[in-house]
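Hi everyone, thanks for coming. I'd like to walk you through one structure today, so let me put it on the screen.

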Amino acid sequence: MTAEPQTPADRPMVSIENVSKSYGHRQVLFDIDLAVAAGETVCLIGPSGCGKSTLLRCVNNLEDIDRGLVLVDGSLVGYRVHRGRLRELRENAACRQRTQVGMVFQHFNLFPHMTALENIAFAPVRVLGEDRTAARAHAQELLRSVGLADKADAYPSRLSGGQQQRVAIARALAMRPKVMLFDEPTSALDPELVGEVLNVMRDLAAGGMTMIVVTHEMGFAREVASRVVFMDAGRIVEQGPPHEVLGNPRHERSRAFLSAVLP
Amino acid sequence: MAEQISHPPGVTGAPRLTRQDAVPVRHYGRGVLAVLVVAVVALTAYAFAANPKIEWPVVGEYLFHPDIMAGLMRTLLMTALGMIFSVIGAVVVALMRMSPSRIISSTAAAYIFVFRGIPLILLLIFVGNLGLFMERITIGVPFTGLVLYSSPVQEVLTPFAASVIGLSLAGSGYMAEIVRGGLLAIGRGQRDAAKALGLNSLNTTRFIVLPQALRVIVPPMGNELISMLKATAIVSVIGGGDLLTVAQAISGANYRTIEMLLVAAVWYFAVIAVLTAVQYVLERRIAER
Ligand SMILES: Nc1ncnc2c1ncn2[C@@H]1O[C@H](COP(=O)(O)OP(=O)(O)OP(=O)(O)O)[C@@H](O)[C@H]1O
Ligand SMILES: [Mg+2]
């Protein structure tokens, strides 16, 4: 490794360049620069309202950005270049692009009118045009990998929070994404259910998935993250290996935040 | 221990208190009211049943009269068509109302405002008399003189057609708000999740939002259907050929006004009883899921 930490030798899997975003008159992201290499697990931490979710949602184009660029695996998110100008993608092209990025939400957002298996197999059939039988077999395999092989026919309302979140992870994986985004995946869970979800994520990281994880689970960040990024008030304040950022924060803001959340 | 807990504080020596021996509150007022209600209902029913001016055999005689049957069929057909067009219209208008385009959403808002605001009887008379100020319905390409279809309003707009159109316009205005309420009841998280999986907005609405919204939409729609059935009686003002129109036409000839109204009422009740039963079963089904 001769390259500096900020610029990995290979093309980054996710590259956020100079991104700013406002809601109305309120600016929530200020010139964010962040590159995530393939296979990296980046944990995004920071106080409530600092813009973590917004940044994550910009990566898969759930939010429009005002300035800057986001690239996933080298291709511009939400735009294409045509005769030297950016052109916004049409809806279907934008949708196709979104399938490269999986997302897991705080409140799971499973489709309540579909069984666990249908939740997982629906988009591959509908969006990617996969064969129905193959998609269901793949879904079953994913359910097994998150430890829920016996819950294929259960509706979400019959599953615990931890089980729902594992189904949600399997649902995102069914699209064979290049990147996975997690927005506080364990914040809505009872404490005893947090572990089962983190275990699935740990396996995923170990398997080489590129992940950006917004989390308040400092133990997970310390153990699994290749890099911890601390945000405050719409800016990246500090980033680095977990033992540095979490163990020996350099900035006032991160020190204050960490002393409040770390036991 | 348990025995002590079941005693109020301070009376530990008193006999054991049990819930079964407790004296419930007596609702004397309710009893009096019930007797009154039964008396009023019985007297009213008696006034009708025993009234010598109402000839009940005539009611029985006309109940299955061929004209009455034809009117009933037309009422049912009108209700069914009105409901189908209303629901389709309501979904379209509700989706337009939620469109990000200001022009489209305010057009939908205006539609809802107009057709919910105007009394049905006025709307029906208006549609029924379109022929007074529009002579021909012409569909063509503007500025080219190319005419695809043209015929006199009076020919196309039969009273039946006018009735169905009027009922559908009013119904879609009302039901659009119900549909919109159902769509809004589905949280943003569901749309986000669908979008993140790469579904476009049409498929998101069709496969994710609408099926869930149906649980909210179907129960009030049952009431709308019953309202629609009753509203068809109003088309008698433009001679829509419905059950009430026919019943009144017969009474015009035989002067049995009350009896013919009762014939119509019996049929409305019969149909509404069936619809209510179906609605009940349907709601139970939905609740089970
Ligand atoms: N749709 C929206 N419209 C207007 N303002 C918004 C919207 N979404 C978020 N915001 C604002 O943007 C800021 C950043 O929100 P964001 O959800 O990204 O924060 P966060 O870091 O994820 O916080 P939390 O830890 O509470 O989830 C907040 O002040 C929030 O109020
Ligand atoms: Mg958030």
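Let's begin at R57(A), whose side chain makes a salt bridge with D192(B), with 2.9 Å between the closest N and O atoms. Keep in mind that this is a predicted model. How many salt bridges does the rule find across the interface of chain B and chain A? The count there is 1.

Polar contacts add to that picture: 6 residue pairs are in polar contact between chain B and chain A, counting pairs with both residues at pLDDT 80 or more. If you look at the side of chain B that touches chain A, the elements giving two or more residues to it are α9 and α10 of chain B. Of these, α9(B) gives the most, with 8 residues. By character, that side of chain B splits into 8 nonpolar, 7 polar and 4 charged residues.

Now the contact as a whole. It involves 26 residues from chain A and 19 residues from chain B. Together the two chains bury about 1,900 Å², and 60% of that is on carbon and sulfur atoms. Which three residues supply the most of the area that chain B buries against chain A? They are K195(B), A196(B) and L197(B), which supply 30% of it, more than any other three residues.

Let's turn to the empty space, which I suspect some of you were waiting for. Rolling a probe the size of a water molecule over the atoms shows where empty space is left. Here, the largest pocket has a volume of about 860 Å³. It is lined by 30 residues, and the closest to its centre are L62(A), E91(A), R98(A), K195(B) and S201(B). The elements giving two or more residues to that lining are α1 (52–59) and α2 (91–98) of chain A, along with α9 (188–196) and α10 (201–231) of chain B. Our friend α9(B) turns up again, with the largest share of the lining at 4 residues. For anyone thinking about chemistry, the lining divides into 13 nonpolar, 7 polar and 10 charged residues.

Two more stops. Across all chains, the whole structure holds 15 salt bridges. One of them joins R227(A) and E40(A), at 2.8 Å from N to O. R227(A) sits in strand β11 (residues 227–232) of chain A and E40(A) in the loop between β2 (26–36) and β3 (41–45) of chain A, so this pair ties together parts that are 187 residues apart in sequence.

Finally, a look at a loop in chain B. S99(B) lies between α4 (66–97) and α5 (102–117) of chain B. Its side chain reaches the backbone nitrogen of S101(B) at 3.0 Å. Leaving aside neighbours within four places in sequence, S99(B) is in contact with I104(B) and S105(B).

That's my tour, and I'm happy to take questions.

Definitions and conventions: Residues numbered from 1 in each chain as written. Chains lettered and ligands numbered in written order. Predicted model: local features only at pLDDT ≥ 70, side-chain atom pairs only at ≥ 80, totals over all residues. Heavy atoms only, no water. 1 Å grid on protein atoms, 1.4 Å probe; cavity = no way out; pocket = protein on both sides within 12 Å on 5 of 7 lines; lining within 4 Å. Points joined across faces, edges and corners; volume = space filled by probe spheres on them. Nonpolar A, V, L, I, M, F, W, Y, C, P; charged D, E, K, R; others polar. Contact = heavy atoms within 4.5 Å. Buried area = accessible area lost by both parts, 1.4 Å probe. Salt bridge = Lys/Arg side-chain N within 4 Å of Asp/Glu carboxyl O. Polar contact = N/O pair within 3.5 Å; in protein donor to acceptor, adjacent residues only side chain to side chain.
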